[in-house]
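The exercises below are meant to be worked with the sequence and the coordinates side by side. Each task is followed by a solution that goes step by step.

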Amino acid sequence: MKGKSMNKVKAYSAASATSALAHSSIPRRDPEATDVQIEILFCGICHSDLHAARNEWSEFMPTVYPIVPGHEIVGRVTKIGSAVKNFKPGDLAAVGCLVDSDGTCPECRAGFENFCPNMVLTFNSPDKHLGGVTYGGYSESIVVDQRFVLHVPSNLPLAGTAPLLCAGITTYSPLRRWKVGKGQKVGVVGLGGLGHMGVKFAHALGAHVVVFTTSPNKKEDALRLGAHEVVVSRNADEMQKHNESFDFILDAVSGDHDINAYINLLRRDGNLTIVGAPPRPLGVSALSLIMRRRSFSGSNIGGIAETQEMLNFCGQHNITADVEVIPIQKVNEAYERLLKSDVKYRFSIDMASLKSE
Ligand code: NAP
Ligand code: ZN
């Protein structure tokens, strides 16, 4: 947009659904009165980055190219606008999936910016400041309104903190919503970025945690991460042993799978919440729900206040993601590994690697 002052910064972007991510340069606005400018230190790689880069959600949320993915951002404040009160240059700061919302609708007023009809996602949303679309965290820096900037507990390692901004809040929020705690049997389906955070939170909340995985080689890790039992979901006998026994199941799977196999493991009134977002619809059996008054629901990240609550919870319980730190130059390789379920358990990009481009 004319008249706005801005800088060009380094980034990694994809030019089309079939292009690899590559070095590019993008505009960032100069901080306005309520803005915080952040130098990005680490950015996690979420499977949503891959879905979006490859336009896999084209019917629901078509991708505008070029796309700069990345919504698990931690960094250091470099500059603030004149009206910013809660941050100063040098502070640690974090940004998740949202960078704006209307602030006035019933959802925003209830603290659910994540359900605001006018929310602005960190990437691939219309950018009301510069025109075009928003660009995410695979970049040197970002400028975000102070309402959407989070405080990072000082005791947490930063590479493993970045993934809390999406994988963390997306699993924490439904576990709290469904009041998971002591005395409950809780399943987590899919031990990837989201799933492994779900295991850590469900364990910290006191539940009996069972992991369902298609990868037998993740069994020991699942136990180390806090699971009490591990089920290889391709084994029908192992699945059958848990029939009608769960209070709550969190499904964090990124691809096609049989959802009814998990609904059948819920007891009467049990709930299965899906946070995974496979591009194709899942066939849900009405009878499986009806016969035990079970419920099936979804959940989308979390509001800003709850995201700060989650970060504080992580600070108190020393919870971070288990990360494999990579330079940005390995991002395309990391995407291919995500597709093979070969992630332990989140890739976190050391953004210092972008300086050499
Ligand atoms: P991820 O790290 O790639 O993990 C996904 C895991 O799901 C894999 O490691 C694998 O675990 C399992 N899996 C993959 N394909 C499968 C298949 N076809 N059948 C059965 N299991 C399969 O992905 P993520 O970053 O955690 O994201 C997971 C999903 O959540 C994605 O669809 C993402 O877009 C979505 N998401 C949603 C929200 C939200 O707000 N609701 C937020 C962030 C992400 P095992 O090896 O253990 O089987
Ligand atoms: Zn994400």
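**Exercise 1.** How many Å from an oxygen atom of ligand 1 is an N or O atom in the side chain of Arg346?

*Solution.* Before answering, note that this is a predicted model, in which local features need pLDDT of at least 70 and side-chain atom pairs count only at pLDDT 80 or more, while totals for chains, interfaces and linings use all residues. Residues are numbered from 1 along each chain as its sequence is written, chains are lettered from A and ligands numbered from 1 in the order in which they are written, and side-chain values use heavy atoms, with hydrogens and water left out. The distance asked for, between the side chain of Arg346 and an oxygen atom of ligand 1, is 2.6 Å. An oxygen atom of ligand 1 also lies 2.5 Å from an N or O atom in the side chain of Ser215, and a nitrogen atom of ligand 1 is 3.0 Å from a backbone N or O atom of Asp256. These are polar contacts (pairs of N or O atoms within 3.5 Å).

**Exercise 2.** Identify the protein donors of the zinc ion (ligand 2), and place them along the chain.

*Solution.* Taking donors as N, O and S atoms within 2.8 Å of the metal (3.2 Å for Na, K and Ca), one finds Cys46 (SG), His71 (NE2) and Cys166 (SG), lying 2.0 to 2.2 Å from the zinc ion. Their spacing along the chain is C-x24-H-x94-C. Cys46 lies in the loop between strand E3 (35-45) and helix H1 (47-53), and Cys166 in the loop between helix H3 (158-161) and helix H4 (167-177), so the pair ties together parts that are 120 residues apart in sequence. Helices (H or I, at least four residues) and strands (E, at least two) are DSSP runs, numbered from the N terminus. Both Cys46 and Cys166 are buried, that is, under 20% relative accessible area with a 1.4 Å probe and protein chains only.

**Exercise 3.** Which residues line the largest cavity, and what is its volume?

*Solution.* A cavity is a set of points on a 1 Å grid over the protein atoms alone where a 1.4 Å probe fits but cannot get out, and lining residues have an atom within 4 Å of a point. The largest cavity has a volume of about 70 Å³. Its lining consists of Gly96, Cys97, Leu98, Leu150, Leu165, Ile169, Ile301, Gly302, Ile304 and Thr307.

Conventions: Buried < 20%, exposed > 50% of the residue type's maximum accessible area, 1.4 Å probe, protein only. Polar contact = N/O pair within 3.5 Å; in protein donor to acceptor, adjacent residues only side chain to side chain. 1 Å grid on protein atoms, 1.4 Å probe; cavity = no way out; pocket = protein on both sides within 12 Å on 5 of 7 lines; lining within 4 Å. Points joined across faces, edges and corners; volume = space filled by probe spheres on them.
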